[in-house]
Each structure stands twice: as structure tokens, then as C-alpha cells.
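Thanks for coming. I will go through one model this morning, starting with its strands and then turning to the charged side chains. Please look at the sequence and structure first.

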Amino acid sequence: MYAEGFFEKYAVKSYHLRVAPTNLPALHLYEKCGFRLLEKEEDQPNAVWRMVKDL
């Protein structure tokens, strides 16, 4: 993956993304790619889950 190669080049140890908990296809894809749930941000007008992937 291009982004991960870029991150590794600059010694990034992990990166985050946010996804709607109702977006099940995206959640499954991210989990398959090695992301894990970091935090549920449900106090927002639209709930999101923050996911992280360690490199």
C-alpha cells in the first residue's frame, strides 16, 4: 500500500482513521487490513469510531 510505504519511510508508528459504526463494509475491510478499534466517539452529532493500525 502506497500510504503505508510513505509512513514507514518517515518512521510513522501508527495511523488512525474514523468510520461510521453503521458502515459495516468499511469496518470489515479495515479490520481485514489490520486496523483495530481505538475509541468510540459517540458524543458527536454523528457517531464515529476511531480505528488505528500499528506499523
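One term before the residues: I call a residue buried when its relative accessible area is under 20%, exposed when it is over 50%, and partly exposed in between, with a 1.4 Å probe and protein chains only. By that cut-off Lys53 is buried, and so is Glu4. I will come back to that pair.

What you see is a predicted model, so local features need pLDDT of at least 70 and side-chain atom pairs count only at pLDDT 80 or more, while totals for chains, interfaces and linings use all residues. Residues are numbered from 1 along each chain as its sequence is written, and side-chain values use heavy atoms, with hydrogens and water left out.

On confidence, pLDDT is the predictor's own score for each residue, from 0 to 100. The mean for the protein is 95, and 100% of its residues reach 70 or more. Among the elements, α1 has the lowest mean, 93, and helix α2, residues 24-32, has the highest, 98.

Elements here are DSSP runs numbered from the N terminus: helices are H or I with at least four residues, and strands are E with at least two.

Now the strands. Two strands count as paired if DSSP finds at least two bridges between them. β1 and β3 are antiparallel, with 6 bridges. Strand β2, residues 36-41, also runs antiparallel to β3, and 5 bridges join them. The connection from β2 to β3 is a hairpin of 6 residues. How much of β3 is covered? Of the 7 residues in this strand, which spans 48-54, 6 are buried.

Arg50 is a useful place to stop. Arg50 sits in strand β3. Arg50 is the bridge partner of Arg18, and Arg50 is also the bridge partner of Glu39. Its side chain makes polar contacts, meaning pairs of N or O atoms within 3.5 Å; within protein, one atom must be able to donate a hydrogen and the other to accept it, and residues adjacent in sequence count only if both atoms are side-chain atoms. One such contact, of 3.0 Å, is between the side chains of Arg50 and His16. Another, of 3.5 Å, is between the side chains of Arg50 and Glu41.

That brings me to the charges. Side chains of opposite charge can pair when their charged atoms come close. For a salt bridge, I require a side-chain nitrogen of Lys or Arg within 4 Å of a carboxyl oxygen of Asp or Glu. By this rule there are 5 salt bridges.

Back to the buried pair. Lys53 and Glu4 meet through their side chains in a salt bridge, at 2.6 Å from N to O. The pair links distant parts of the chain, with Lys53 in strand β3 and Glu4 in helix α1, 49 residues apart.

Next, Glu41 and Arg18 form a salt bridge, with the closest N and O atoms 3.0 Å apart. This pair also links distant parts of the chain: Glu41 is in strand β2, Arg18 is in strand β1, and 23 residues separate them. Is each partner buried or exposed? Glu41 is buried because its relative accessible area is 11%, whereas Arg18 counts as exposed because its value is 54%.

Arg36 and Asp54 form a salt bridge as well, with the closest N and O atoms 3.3 Å apart. Arg36 belongs to strand β2 and Asp54 to strand β3, 18 residues apart. Arg36 is partly exposed, with a relative accessible area of 43%, and Asp54 counts as partly exposed at 46%.

Which residues are linked in a network of salt bridges? They are Arg18, Glu39, Glu41 and Arg50.

One distance for scale: the C-alpha atoms of Glu41 and Lys13 are 22 Å apart, and the two residues are 28 residues apart along the chain.

Last, the surface. Tyr2, Phe6 and Tyr10 form a nonpolar patch there, with about 420 Å² of accessible area together. Patches take residues with over 30% relative accessible area and no salt bridge, joining like charges within 9 Å and nonpolar side chains (Val, Leu, Ile, Met, Phe, Trp, Tyr) within 5 Å. The areas come from the Shrake-Rupley method with a 1.4 Å probe, and for residues only the protein chains shown count as cover. Where is Tyr10? Tyr10 lies in the loop between α1 (2-9) and β1 (14-19). Tyr10 is exposed because its relative accessible area is 52%.
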